[in-house]
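Reader: Please take a close look at one part of this model, the place where two helices pack against each other. I would like the geometry, the make-up of the contact and the residues behind it.

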Amino acid sequence: MAVSVPVFDGGSRAHRVAQRRAELTRAQAAYDQHVLQVRQEVWAAAAELDRAWDAIAASEATVRADEESLRVVRERYQNGAALVTDLLDTQTALAGAESSLAAARWTYLTARAAYARSVGAGL
């Protein structure tokens, strides 16, 4: 029985090892880049979710203030101390605030879905 071991391979083994190390380094860099992208996407989605939640709170406060304004103007109108245009302007402001609240809630739901997608929920 004979064993054949090449003593001199012309550096091909060292070249293959170096090539595999370079491929591993490229693969690790691609992986690290992907991890950073995912982290950035999650961070951005979480920030948007927070902004949307704050917008809802601000819109709710505006609606409450406009409802109170409407109540006051309505009482003044019934007592003859306000014009019908004042009443209509206040009602228009309330309708605008309610519309903004609905838009803020829609934005929040959209942001929540984007966040869930970014963290992989529902898979």
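Author: The crossing of H1 and H2 is left-handed in this predicted model. Their axes come within 8 Å and cross at roughly 165°. An angle over 145 degrees counts as roughly antiparallel, and H1 and H2 are therefore roughly antiparallel to each other.

The contact between H1 and H2 can be broken down by residue class: 24 residues are nonpolar, eight are polar and eleven are charged.

Next, the nonpolar core. The largest one has 13 residues, and the members that touch the most others are Ile56, Val63 and Tyr108. Both H1 and H2 contribute to this core, each with at least two residues. H2 provides the largest share, seven residues.

Tyr108 deserves a separate word. Its relative accessibility is 16%, under the 20% limit, so Tyr108 counts as buried. Tyr108 also takes part in the one aromatic pair that the structure holds. The partner is Trp53; the ring centres are 5.3 Å apart and the planes are at 55° to each other, which makes the pair tilted. Trp53 belongs to helix H1, residues 12–78, and Tyr108 to helix H2, residues 84–119, so the pair ties together parts that are 55 residues apart in sequence.

Tyr108 thus appears twice in this account: among the residues that touch the most other members of the largest nonpolar core, and as the partner of Trp53 in the tilted aromatic pair.

Methods:
Residues numbered from 1 in each chain as written. Predicted model: local features only at pLDDT ≥ 70, side-chain atom pairs only at ≥ 80, totals over all residues. Heavy atoms only, no water. Phe/Tyr/Trp six-rings, centres within 6.5 Å; stacked < 30°, edge-to-face > 60°. Helix = DSSP H or I, 4+ residues; strand = E, 2+ residues; numbered from the N terminus. Buried < 20%, exposed > 50% of the residue type's maximum accessible area, 1.4 Å probe, protein only. Axes fitted to C-alpha atoms, helices over the stretch in contact; angles between N-to-C directions. Parallel < 35°, antiparallel > 145°, perpendicular 65-115°, else oblique. Left-handed = near helix turned anticlockwise from the far one by under 90°. Nonpolar A, V, L, I, M, F, W, Y, C, P; charged D, E, K, R; others polar. Core = buried A, V, L, I, M, F, W, Y, C linked by side-chain atoms within 4.5 Å.
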